[in-house]
Amino acid sequence: MGNIKKALVLTGINREIERFFAEITKRKSEDLLIINSYGAEILQGYSSLMRNIILAVYLDKIEDIYIIVDKYDKGCSINPEHLYAHMEKEGIKVEVIQTLNYIKAVGGNDVMKWLSGSSNIESIVQNNIDFIKKHPLIPRSVKVHGYIVNKETSDYQTLSGVK
């Protein structure tokens, strides 16, 4: 029992694509550890998202990591102006954003771009594969896979990435 290796799935927040996980991973749901994240985008090598992946690899004996993203994930199509309008409505002033940019609070020095992320799903999945494969704390034995799911047509596209 203790030797069962699990797989990790990094995915967006759309629960509708979970029906594809068993088919893609060839595993039962109880053998999957799922991490949901807006846009499923790893933006920094030592972020909390990457920390969770690293800890899962070691503590849950992960042998495969699957990045499975909905082709139309709403976390990948965030308009920075629209997002800022929501923030402003809640009392966040432009000066706060300017200060965060000035002190270089995030990579690229653009808080709104950091929050919005990329809108190119293929690029997100491929960058995640590369981020994980090249991370110095991820064992070379862990295989990394990438998929883009189109829930409308019930098919998916495979991206290269297996180590």
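Reader: What share of the 163 residues of the protein counts as buried?

Author: Good place to start! Keep in mind that this is a predicted model. A residue is called buried when its relative accessible area is under 20%. Of the 163 residues of the protein, the share that passes this test is 40%.

Reader: How many helices and strands does the protein have, and in which pattern do they follow each other?

Author: The secondary structure comes to six helices and five strands. Reading along the sequence, you meet them in the pattern β-α-β-α-β-α-α-α-α-β-β.

Reader: What is the radius of gyration, and what does the globule rule give for 163 residues?

Author: For 163 residues, the globule rule gives 15 Å. The value for this protein is close to that, so the protein is as compact as a globular protein of that length. Its radius of gyration is 17 Å.

Reader: Which residues form the aromatic cluster?

Author: Let's build it up pair by pair, since the structure holds two aromatic pairs. Tyr66 and Tyr147 are stacked, with 6.3 Å centre to centre and 25° between the planes. Tyr147 and Tyr156 are edge-to-face, at 5.7 Å centre to centre and 75° between the planes. Together they give one aromatic cluster of Tyr66, Tyr147 and Tyr156.

Reader: How many residues apart are Tyr66 and Tyr147?

Author: Tyr66 sits in strand S3 (residues 62–70), while Tyr147 belongs to strand S4 (residues 143–150). Their pair links distant parts of the chain, and the two residues are 81 residues apart.

Reader: Is Tyr156 buried, partly exposed or exposed?

Author: Compare it with its partner: Tyr147 has 11% relative accessibility and therefore counts as buried. The cut-offs are under 20% for buried and over 50% for exposed. Tyr156 has 27% relative accessibility, so it counts as partly exposed.

Reader: Where is Ala40 found, and what is its phi?

Author: Ala40 is found in the loop between strand S2 (32–36) and helix H2 (48–59). Most residues other than glycine have a negative phi. Ala40 is not a glycine, yet its phi is positive, at about 50°.

Reader: Why does Lys104 count as exposed while Ala40 counts as buried?

Author: Lys104 lies in another loop, between helix H4 (94–102) and helix H5 (111–116), and its phi is also positive, near 55°. Ala40 counts as buried because its relative accessibility is 0%. Lys104 counts as exposed because its relative accessibility is 55%.

Methods
Residues numbered from 1 in each chain as written. Predicted model: local features only at pLDDT ≥ 70, side-chain atom pairs only at ≥ 80, totals over all residues. Heavy atoms only, no water. Helix = DSSP H or I, 4+ residues; strand = E, 2+ residues; numbered from the N terminus. Buried < 20%, exposed > 50% of the residue type's maximum accessible area, 1.4 Å probe, protein only. Rg over C-alpha atoms; globule rule 2.2 N^0.38 Å. Phe/Tyr/Trp six-rings, centres within 6.5 Å; stacked < 30°, edge-to-face > 60°.
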